[in-house]
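Here is a walk through the structure below. It starts with the chains as wholes, then turns to packing inside them and between them.

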Amino acid sequence: MRRRFAYACLVVCSIAVFSGSAFCSPPVQRLVLDNGLVLLISEEHSLPFITFQFLVKAGSKDDPPGQEGLASLSASCLALGSAARTMEQIHEELDFMGAAISSGANKDYTAISLRVLTKDVGRAFPIVMDVLTRPIFPVADVKKEISRALGAIRSSEDQPGVVADRTFERALYGSGPYGHPTEGTTESVSKLNRELISAFHRTYYHPNNTILVIVGDVDDGLVKKDLRPLLEKWQRKAVPPWKGQAAPSGKGRALTIDKPVTQSNIVIGGTGMGRDNPDYYAAQVTNYIFGGGSLSSRLMADIRNKRGLAYSVESYFEAQKYAGSFQVLLQTKSASTNESISAVMEDANVMRSELVSPSEMEGAKKYLVGNFPQRFGGQSKIASFFGQVEYYGLGLGYPKEYPSLINSITRDDVLRVARTYLNPDGFITVVVSDLKAAQGK
Amino acid sequence: MGRAAKRAPFPCIVFVFALAFCLAAPLYASAPLSARVSETTLSNGLKVILLENHKAPLVSFQVWYKVGSRNEAWGKTGLSHMLEHMMFKGTKNVGPGEFSRTIEQNGGDDNAFTSTDFTAYFENLSADRVSIPVDLESDRMGGLLLTEEQFKPERSVVMEERRLRTDDNPGAILVEQMNAAAFQVQPYHWPVIGWMQDIARYTVEDLKEHYRTYYCPANAVVLVVGDFKKETLLPLIERAFGPIPGGKAPDQQKDREEPQTGERRIAVRKEAQLATVAKAYHVPNLRERDGYALEVIEALLSAGESSRLTRLLVREKQLALTVSAQNDLLSRDPSLFTISAEVMPGKTSDEVEKALAAEIERLQRELVGPRELEKAKNQLESAFVYSQDSLFYQGMILATYEVVSTWKEIDRYVPGVRSVSAEDVRRAARKYLIPANCTTGILVPIPSTNGKPAQPASPSRENIVR
């Protein structure tokens, strides 16, 4: 078999002029190896180090029912030992180089990243490939990792925002693939074991299910000599197709959780959209005006600046591969819980009933388009940007297309999106609070 | 990850004591940084520090004032942070909120943060927009309005911020209480955000006085990193900031802590899931060579999975869920070396404390081996290189050095770390990491007094019953 790179696409730094501002996206090369691995390489040589990000297309949405937390635990068990190295050797060698490795899952995918000085890449990269493709998941260490995961779940219950978020997602997505926390629950994680983790790895960790982004002080010579041979050894295997059924979204209701805290942690929201929804860009503009624009949004102006009710109030569309939500988050002292919730609902109703002003529209577009280059401020940001572009199928022309995707949105689009998604009657409202204080008792 | 990956929405970050992670790792490049940085002092005393970096068409524009919680008075703690909030509330030329709106409409992100030693403002935006923060920042250096009308609701916002960051966060309360116990004389005694009662006590007059005293060119630093030409940018800065009356550099001398005379111990009893054990020792900062030995000790104890505390307490014995050691190298006044550990369910804080003590005794007894010492230094140096990746952090680290000492000191970081010997490590451990110099803090979880959810929230009860 010939082993060659297929050069699918080559995009060089493209300078485009949109809305009067020029911006330049980093150069990127896209290659697909014979084993199906998609490789994206972005060279920038001002600093002597490289960031690698592997994106394996399996996340908590792929956790089987009753095994919630499996994707996350699989990611954190990778470095417990491999066919060639013990856990101690892996950590000792990487730490000696000052290399930083991390792995974790989100709802859609698992990311494994390595940051290493250029001079050490020839020694660090084989370790990461070994960990990624030949982990052995030693029983005793897996057990310890499970105890740690359980401890972390327990510890996170001290964060009212996390408690509110988990409750909201469960209420919205129910028992569907997006309804459980990525890290799982105490009940589900206690039941995980080495066999399940190993099976998850065998099912999903394959080159044809993986994107690798390499950013920084990398060149063709290095790719050819030190990286490509190892990547090509990784064998292609069939990956089961996504069969998940997004559960119907939960109905509008109010949920409260009693906790001895001084503030109410509030999440208000409902159904959103997947990343491939054509209204995604209209939703970005709508959200910026409503609650996304950090200090200039309507929610900020009303709830923070005018009423002084909250330090932070924001909204966002969380767009996953197969589902999404719209959420407003805020924290306020117990006594102003009801006033804050009413204010959010009123502000949402205004968005639904009137066109936004032309100047708000212009401000949103200027920010979204003008801020785009900030996504390239550093190797990790660039790696994560191109990884997502590939995962969500946006195409490498995305940076160039982005301004027109935003600039084509009209005030009517915003009104339509607001009417669809900013719907107080259908909203789920979660309040984590000292309930007696919040209800004025 | 979904939530964590989002852009942090919070305007106005309070740095709760010292600078933590990123400053464990300042920047470094093949050529010494001093060769690439230019410094100019305008006739009104304003220092301008410029670092050209052309890798992307972006700039980070920053203004740093040498005022933080160390410059406050008892009874008005947190005033610097309150003033930071008010800096977005308008001048006679720029209306309330207009500052941030203008930056956003130019595609930029702006924010600010306050620490014990400084208050800093930044705008990250495309290089072709750099004149916009020049105009806006010079405007608010001279002409902040500070009205009662803007102040009242913003004070409520700061109170909400305190509830969010501290009052509802058991770990943050522990840190606050430990600082209050470790420092009795030095202003690091009180929290950057201030005590709640003090926040309630501020007046517009207090803010005006603080602004007049500390927000003058003679007490400020303008720092820009990114894709610009010094020949073009410096004249812009001179034209905008030059006419502001220089003012008088304020007295920055503050009382120092007397040497600690014995063990101190505090407990925080709060509803929490896990106990936490923390130990804080008074240490010298970058002004003394031992500061670098303590950097190495920090790395030996908790940098990476193979570090001593992580390997032993987290992996082998499973006594702790997390451990961390942190040396406050970059501080204006001497600060603390802190070790903390979250206790695993089923283990006790006593067990964790004993294990921590054993590891500290080991540092005092045995010389660290050459390979382990080399590993710690490699980790510190590589972290130093990685931290140059972002323009914002490059600027932030340079400016922090300038505020606590001089930016030129940054060139000493890697050589300083490299020169530490195994003897230095043992000597520093014997000198500073001793019980008589230690404040121990324990977060003791107490059972919840609140009941079950008022309404069953979802099919999974475990999500809601607590």
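A residue is called buried if 20 or more other C-beta atoms lie within 10 Å of its own, and exposed if 12 or fewer do. By that rule, buried residues make up 56% of the 441 residues in chain A. This is a predicted model.

Begin with chain A as a whole. Chain A holds 16 helices and 14 strands. Its C-alpha atoms fill a box of roughly 65 × 55 × 40 Å along the principal axes. Is the radius of gyration in agreement or at odds with a compact globule? A compact globule of 441 residues would have a value near 22 Å, and chain A has 23 Å, so the two agree. Contacts in chain A reach across the sequence: among those between residues at least 6 apart, 80% join residues at least 24 apart.

Chain B can be described in like terms. Chain B has 16 helices and 12 strands. Of its 466 residues, 55% are buried. Among contacts in chain B between residues at least 6 apart in sequence, 83% join residues at least 24 apart.

Now look at how the two chains meet. Chain A gives 81 residues to the contact, and chain B gives 75. On the chain A side, helix H4 (residues 139-156) gives the most, with 7 residues. By class, the side of chain A that touches chain B has 25 nonpolar, 32 polar and 24 charged residues.

Helix H10 of chain A, residues 298-306, links the inside of one chain to the other chain. Its buried residues are Leu299(A), Met300(A), Ile303(A), Arg304(A) and Asn305(A). They cover an arc of only 165° around the axis, so they lie on the same side of H10(A). The spacing follows a general rule. An α-helix has 3.6 residues a turn, so residues three or four places apart point the same way. What do the buried residues of H10(A) pack against? Within chain A, their partners are helix H9 (280-292), strand S12 (313-319), strand S13 (324-333) and helix H11 (337-353). From chain B, helix H5 (148-167) joins them. Just after H10(A), Gly308(A) takes a positive phi of about 60°.

Next, a helix pair within chain A. Helix H1 (residues 70-77) and helix H7 (residues 194-204) of chain A pack at an angle of about 90°, with their axes 9 Å apart. H1(A) and H7(A) are therefore roughly perpendicular. H1(A) brings Leu70(A), Ala71(A), Leu73(A), Ser74(A) and Cys77(A) to the contact. H7(A) answers with Leu196(A), Ile197(A), Phe200(A) and His201(A). By class, the contact has 7 nonpolar, 2 polar and no charged residues.

Chain B offers a helix crossing as well. The axes of helix H10 (residues 290-302) and helix H16 (residues 422-432) of chain B come within 9 Å and cross at roughly 95°. That makes H10(B) roughly perpendicular to H16(B). Asp290(B), Ala293(B), Leu294(B), Val296(B) and Ile297(B) of H10(B) meet Asp424(B), Val425(B), Ala428(B) and Ala429(B) of H16(B). These residues divide into 7 nonpolar, no polar and 2 charged.

Finish with a single residue. Thr271(A) is found in strand S11 (residues 263-271) of chain A. Thr271(A) has 19 C-beta neighbours inside 10 Å, so it counts as partly exposed. Not counting residues up to four places away in sequence, Thr271(A) touches Leu172(A), Ser249(A) and Ser325(A). Thr271(A) and Gly292(A) are 21 residues apart in sequence, and their C-alpha atoms are 17 Å apart in space.

Terms used
Residues are numbered from 1 along each chain as its sequence is written. Chains are lettered from A and ligands numbered from 1 in the order in which they are written. This is a predicted model: local features need pLDDT of at least 70, side-chain atom pairs count only at pLDDT 80 or more; totals for chains, interfaces and linings use all residues. Helices (H or I, at least four residues) and strands (E, at least two) are DSSP runs, numbered from the N terminus. The radius of gyration is taken over C-alpha atoms; the globule rule is 2.2 Å times the number of residues to the power 0.38. Two residues are in contact if their C-beta atoms, placed from the backbone, lie within 7 Å. The arc is that of the directions from the helix axis to the C-beta atoms. Axes are lines fitted to C-alpha atoms, for helices over the stretch in contact, and angles run from 0 to 180 degrees between N-to-C directions. Angles under 35 degrees count as roughly parallel, over 145 as roughly antiparallel, 65 to 115 as roughly perpendicular and the rest as oblique. Ala, Val, Leu, Ile, Met, Phe, Trp, Tyr, Cys and Pro count as nonpolar, Asp, Glu, Lys and Arg as charged, and the others, Gly among them, as polar.
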